[in-house]
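Hi everyone, thanks for coming. I'd like to walk you through a structure this morning, so have it open and turn it along with me.

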There are 2 protein chains.
Amino acid sequence: MSPETEQDASGRATLALRRVAIDTYGENVAYLHRDCEVYRAEGFQALAKVEVRANGRAILATLNVVDDPAIVQNCELGLSEDAFEQLGVADGHPVSVAQAEPPESIPALFRKVGGERLGREDFAAIVRDIAQRRYSKIELTAFVVACNRGELDREEVYFLTEAMVQSGRRLDWHEPLVVDKHCIGGIPGNRTSMLVVPIVSAYGLVFPKTSSRAITSPAGTADTMAVLANVELPFEQLTGIVREHRGCLAWGGTADLSPADDVLIAVERPLSIDSPGQMVASILSKKIAAGATHLVLDIPIGPTAKVRSMPEAQRLRRLFEYVAQRMNLSLDVVITDGRQPIGRGVGPVLEARDVMQVLENDPQACDDLRQKSLRLAGRLIECSPDVRGGDGYGIARDILESGRALTQMRAIVQAQGARGFDHHHPPLGALVQEVRAPVAGVVTGIDNLQIAQVARLAGAPKVPGAGVDLQVRLGETVAAGGVLYRVHANYPADMAFARQASERLSGITLGTSAQVPHVFVEF
Amino acid sequence: MSPETEQDASGRATLALRRVAIDTYGENVAYLHRDCEVYRAEGFQALAKVEVRANGRAILATLNVVDDPAIVQNCELGLSEDAFEQLGVADGHPVSVAQAEPPESIPALFRKVGGERLGREDFAAIVRDIAQRRYSKIELTAFVVACNRGELDREEVYFLTEAMVQSGRRLDWHEPLVVDKHCIGGIPGNRTSMLVVPIVSAYGLVFPKTSSRAITSPAGTADTMAVLANVELPFEQLTGIVREHRGCLAWGGTADLSPADDVLIAVERPLSIDSPGQMVASILSKKIAAGATHLVLDIPIGPTAKVRSMPEAQRLRRLFEYVAQRMNLSLDVVITDGRQPIGRGVGPVLEARDVMQVLENDPQACDDLRQKSLRLAGRLIECSPDVRGGDGYGIARDILESGRALTQMRAIVQAQGARGFDHHHPPLGALVQEVRAPVAGVVTGIDNLQIAQVARLAGAPKVPGAGVDLQVRLGETVAAGGVLYRVHANYPADMAFARQASERLSGITLGTSAQVPHVFVEF
């Protein structure tokens, strides 16, 4: 190392930090010039993990080697945009760089890949390293695949859940009763949270609802709520709103709840992995970290739902209950009808419209969305020690019909920052395409997966006004040429993709009333 | 899209290609400016896989989004150094870019991740996509982990092997008998190929030996041969040398043999995955693609070898034999003594010295390396229909002792391009450290893994003169303070790491002669 090279207090060579304006989408990348003395002296390899330090902070990054001084010079260390933000020091600030130590939990990961059962400490170490983004994509994928397919016994699922809670912030509302609800997903239009939160928080229970954006669906609760109000709330604002209004409907990403879950989802999604163990750990860790003491969990069953039979639903219910009990969470699992989408709209604006119609007691409102929301709200209200089992539904209905739920929703929307959405004139995608019945018949199937796919191709959730507006329900009779659903889009290319998909498979089957699938459950 | 944007013949928008001087180490990266119309119109996401086309060629790349026109401008598409080379067109050439189609074999991958048995067509499709680098790191890892741990039955291992052979070039030497040898690895210093090739090819059998560089060991055959001669031979030169001299000792990377294997190894290595199914498919596919008709396979057993018991070795032997028979490869498995390193030197130059001493019939030559090489060469010579079983060893010994093997090695070295190595004055690392016996005793263990680790930390194979020079063998008596081995290095930092490791654990155990481990096999 030449005598000119700067050194930091511990004698490590330092370089000048440079922001490299490349967006590597969540993957930290460090750029060193090939002629940089540090690069040569340390014997780094491209794609190696390096640790960059400045001002007592450290981040991990993947190394790219640069041959162009216009990008970084010999005496500089470049960081991609996200990585630069994370380190939080200014351009030109001295930084030091060293080979990153391999994550401590790698031996435990190798044991899991080798088929062994892991203990509490192993899961804690692995999840800590994942949350600190010390795992490479290869290591993350190995963990996800090795834990797939019932490879985790229920004790391991408990250890994983506990470790995920511990990996991030855990909220404490200083209340004996903090309620939450969650659905395992897979049913388009199922926006019950946006009704259950105002009803139950109007009743007086604390309900700090944080939700995710859509991962593979056409809208998550956070996407639909974003039509009405700001959902990206700084942590202090979120807690302030809950203290004042007893409830909120926010995006959970800012609260650092179970951060390892977010890292794992980025790998699970492209592999379509959604194993029971990982689902239970993901959902329960988020809810427990959010401070919930009582949770109502919705497991829909249907031929195109995530869960397709009652025995499967019961197995999943037992796993949820086992882990919840170990984590001291009071859990009420409800198994619901998942044979078709809930409500009419599928897509953020369309779903926001459906929700507001129910809150306004509009006679046109979707009855299935209303009924399911009242039942879920009733179950949560019954968590209150003053309410007798069976009385919750009536209380919820009174709150909705009296307009108190609407008032409460308006207060939450105002507190989060209203967006000025008028559901009587929803800003739907200007391009409209009708999908019609080829023959007359009774609706015998509405494919959740295909309807979601058409809505996504039309642009949802990125284009909030895009999506599918269903005009029929299971068991209804349709004339030949009758409208089955309308597709809304903003861009011709999106509409072309959605039309191709719906022409290949509309997602709606017509037949005779005898063919309408049996209702698995009566909730 | 604005009217100014150029379009290619199929109406796709084109951009001007720009080489971005960033070395992303084998991962193709494409750079688009955030304000580029194509980026916005196509709705790309950062980290998406895109397909870049020009002149009828196409490559796949991961997308990074750039906010600095000094890196790429709105009208440009940047490619990282490797990707630019692969596309093979000049700076400024028009290119088109589109979202890459997901690999066709993804449904089969998902079935394997879900625990299903796959068929011949499934493996063919998966391996084709892997060889064409259509799989992301996530998908590659999922495949490797899902095939780990006996998840493949032997029929599936056969399908995988066959698919790997078909994924690349398959050499045909137009000879009825083409021999090869391979060791499953794990034994430092085990450089028998560099003796077996000259002996057997001097006898007259065709022996086109291609080998790998070290992956996790201190030297592969290609690293050690590179001390003597050029090993990176263009394909035509390689085949020319084999036609003229009946043998070669080349690096296999240029011949495009079983290219899927190279892609998979990049994922298996950081996960330390070396399952029987993957080992069999990897080794046999390379050998069959290289045109071998007869293979001798060396499986060493020992307490620190890859295979640690005779039942395990026999299971592995049966799997190799099953797949070889399905692939019409004549296979002779030999189970050998893997209790300690072979020869004295561990590291490219040290091993080259050992090999040359044996070829020169130097009385100082390592007898274990000589004996093992003669036995393996004898087995291969017996593949010849003229040779009676049991006569091969004597023929091999005559070829070695007569100096014909040395002459043949010199001819191969000259043909490949001699490096001017003088084994009487080997260019060893200038820094030397001796590791000595703390007490007197009999050598009862030499840890293959620890010796390899010390040699790697000292710099091998990147620094050819670095490594470990063993001074003792199992069963020998050492005085207190006697030299166990010498460590050679070129750089003080390397030597410091190697010394720390050898001080923590020298890798050599001393005790009484009764404690010397039992020889599993007599080969």
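I'll start with the two chains together, then go into chain A, and finish in chain B.

Before anything else, keep in mind that this is a predicted model.

Okay, the two copies. If you lay chain B on chain A, you get an RMSD of 0.1 Å, using a turn of 180 degrees and a shift of 0.1 Å along the axis. The two copies are therefore related as by a two-fold rotation axis. And the same surface is used by both copies: 100% of the contact residues of chain B turn up again in chain A.

So who does the touching? The contact takes 32 residues from chain B and 33 residues from chain A. On the chain B side, the elements giving two or more residues are β2, β5, α3 and α5 of chain B. Which of them gives the largest share? That's α5(B), with six residues. Sort that chain B side by class and you find 20 nonpolar, seven polar and five charged residues.

There's also some strand pairing between the chains. Strand β5 of chain A, residues 57-66, pairs with β2(B) in the antiparallel sense, over two bridges. If you want a spot to click on, try A:Val65, whose bridge partner in β2(B) is B:Asp23.

Now let's look at chain A by itself. Chain A is divided into three pieces: domain 1 is 14-99, domain 2 is 179-252 plus 284-416, and domain 3 is 431-515. Notice that domain 2 is written as two segments. The C-alpha centres of domain 1 and domain 2 of chain A lie 44 Å apart.

Inside the domain 1 range, go to strand β1 of chain A, residues 14-19. Three bridges join β1(A) to β7(A), residues 94-99, and these two run antiparallel. Here A:Leu15 has A:Val95 as its bridge partner in β7(A). Four bridges join β1(A) to β6(A), residues 76-79, and that pair runs parallel. In that pair, A:Ala16 stands opposite A:Glu76.

Next, find A:Leu359, in helix α13 of chain A, residues 348-359. Is A:Leu359 buried or exposed? A:Leu359 is buried, because 24 other C-beta atoms lie within 10 Å, and the cut-off for buried is 20 or more. Leaving aside neighbours within four places in sequence, A:Leu359 is in contact with A:Leu195, A:Pro198, A:Ala405, A:Leu406 and A:Met409. You can also check A:Ser402, which is 43 residues away along the chain, with a C-alpha separation of 9.9 Å from A:Leu359.

On to the nonpolar cores. In soluble globular proteins, nonpolar side chains tend to be buried together. The largest nonpolar core here has 276 residues, and the ones touching the most other members are A:Ile199, A:Val200, A:Ala458, B:Ile199, B:Val200 and B:Ala458. Take A:Val200: apart from neighbours within four places in sequence, its contacts are A:Val179, A:Leu205, A:Phe207, A:Ala377, A:Leu380 and A:Ile381. Apart from that core lies another one, of 58 residues, including A:Phe84, B:Cys36, B:Ala61 and B:Val72.

Last stop, chain B, and two sheets. One is an open sheet of three strands in the order β17-β15-β19, with antiparallel pairing. β17 and β19 of chain B stand at the edges with a single partner strand each, so one side of each has no neighbour in the sheet. β15(B) and β17(B) are joined by two bridges, and B:Gly441 stands opposite B:Val478 in β17(B).

The other is an open sheet of four strands, ordered β13-β16-β18-β14, again with antiparallel pairing. Its edge strands are β13 and β14 of chain B, each pairing on one side only. Between β16(B) and β18(B) there are four bridges, and B:Val468 has B:Val487 as its partner in β18(B).

Now add helix α17 of chain B, residues 448-457. How many of its ten residues are buried? Nine of them, so to speak a mostly covered helix. Among the buried ones are B:Ile451, B:Val454 and B:Leu457. What do the buried residues pack against? They pack against β13, β15, β16, β18 and α18 of chain B. After α17(B) comes B:Gly459, with a positive phi, near 125 degrees.

That's the tour, thanks for listening!

Notes: Residues numbered from 1 in each chain as written. Chains lettered and ligands numbered in written order. Predicted model: local features only at pLDDT ≥ 70, side-chain atom pairs only at ≥ 80, totals over all residues. Buried ≥ 20, exposed ≤ 12 C-beta atoms within 10 Å, placed from the backbone. Contact = placed C-beta atoms within 7 Å. Least-squares fit on C-alpha atoms with pLDDT ≥ 70 in both. Domains from an automatic or database assignment. Nonpolar A, V, L, I, M, F, W, Y, C, P; charged D, E, K, R; others polar. Pairing = 2+ DSSP bridges. Core = buried A, V, L, I, M, F, W, Y, C linked by C-beta atoms within 7 Å.
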